[in-house]
Amino acid sequence: MTLSGYLGYLVISRMLKGESTRDSITDVLFKSGLILLGIWKLSPLLLQPSLLSDDSLNLFSFLLSIGTNQGFYMGLVAAVCFVLWKIQKGIIPADKFAEVFPFGLLTCFMVFFLLTRNIGTATDWFWGVSIDQSVNKYHPIGVYQLIFGVSTGAFLALSKRKGSPVSFRSFLIWFSLGQLMMTFFQFTTPFFMGLSMHQIFYLLVAGISILLPMSGGERKSQS
């Protein structure tokens, strides 16, 4: 997760080369990443404070262990709030951030799913992959993410070159719904009303994005 986030950060930094806002945006992104990582790592203690009194708890092994799913979303909310606060204070420009962040996010997701063993549910489709000499075939989630990321990134870049860039609001709706569709090919654990935490999260992002005000370009195209 750290490596994929760092590569996404490098893509954004590269796209901002020569821009006066490069340092401020990359600084905010780096700090928001640290916030996410810190809360995710410390989430077992945040969710179970009684662990602090456990004499068997080894600090070294604890730091090497992974955080919790709840902690990841707690950290993500905190990181987003930090970025929004910086935008509101005028430290980073919202338009420039919205222009480059989608490419970093797509890179992060593609790298993460390609570097981790994310095999989905069983399938009879011919492009399914076999693992550990199994007779069954499974959905290659990493390949799906690669196709989604490359095609979405290419469309964003082409739209920008034509002078009609995709709004950040539209990107968030498309991205969250796309990721939601992919969860139906993955092993999920029901959390609420038969939906997993990932599915609920993407539904919330899509819903909030729809409620966001439209950009000038969107209003003009609809009118």
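**Leu-106 and its surroundings**

Let me begin with Leu-106, which has a relative accessible area of 3% and is therefore buried, since the cut-off for that word is under 20%. I should say at once that what we are looking at is a predicted model, and that the values I quote were computed from it.

Leu-106 belongs to helix α5, and if we leave aside residues up to four places away in sequence, it touches Phe-148, Gly-149, Thr-152, Gly-153, Leu-156, Phe-171 and Phe-175. There is also a long-range relation to point out, in that Leu-106 and Gly-8 are separated by 98 residues in sequence, while their C-alpha atoms are 7.6 Å apart in space.

Two of the residues that Leu-106 touches, Phe-171 and Phe-175, are among the buried residues of helix α7, a group that also includes Leu-172, Ile-173, Gly-178 and Met-182. Helix α7 runs over residues 168–183, and because a helix of 16 residues at 1.5 Å a residue should span 22 Å, the 23 Å between its end C-alpha atoms agrees with expectation.

Now let me come back to helix α5, which covers residues 94–115 and also holds Leu-115. Is Leu-115 buried or exposed? Its relative accessible area is 57%, so Leu-115 counts as exposed, whereas Leu-106 of the helix is buried.

Leu-115 takes part in a nonpolar patch on the surface, together with Leu-3, Tyr-6, Leu-7 and Leu-10, and these residues have about 470 Å² of accessible area together. The most is given to this patch by helix α1, residues 2–15, which supplies four residues.

How values were computed. Residues are numbered from 1 along each chain as its sequence is written. This is a predicted model: local features need pLDDT of at least 70, side-chain atom pairs count only at pLDDT 80 or more; totals for chains, interfaces and linings use all residues. Side-chain values use heavy atoms; hydrogens and water are left out. Helices (H or I, at least four residues) and strands (E, at least two) are DSSP runs, numbered from the N terminus. The expected span of a helix is 1.5 Å times one less than its number of residues. Buried means under 20% relative accessible area, exposed over 50%, partly exposed in between (1.4 Å probe, protein chains only). Patches are made of residues with over 30% relative accessible area and no salt bridge: like charges are joined within 9 Å, nonpolar side chains (Val, Leu, Ile, Met, Phe, Trp, Tyr) within 5 Å. Accessible areas come from the Shrake-Rupley method with a 1.4 Å probe; for residues, only the protein chains shown count as cover. A salt bridge is a side-chain nitrogen of Lys or Arg within 4 Å of a carboxyl oxygen of Asp or Glu. Contact means heavy atoms within 4.5 Å.
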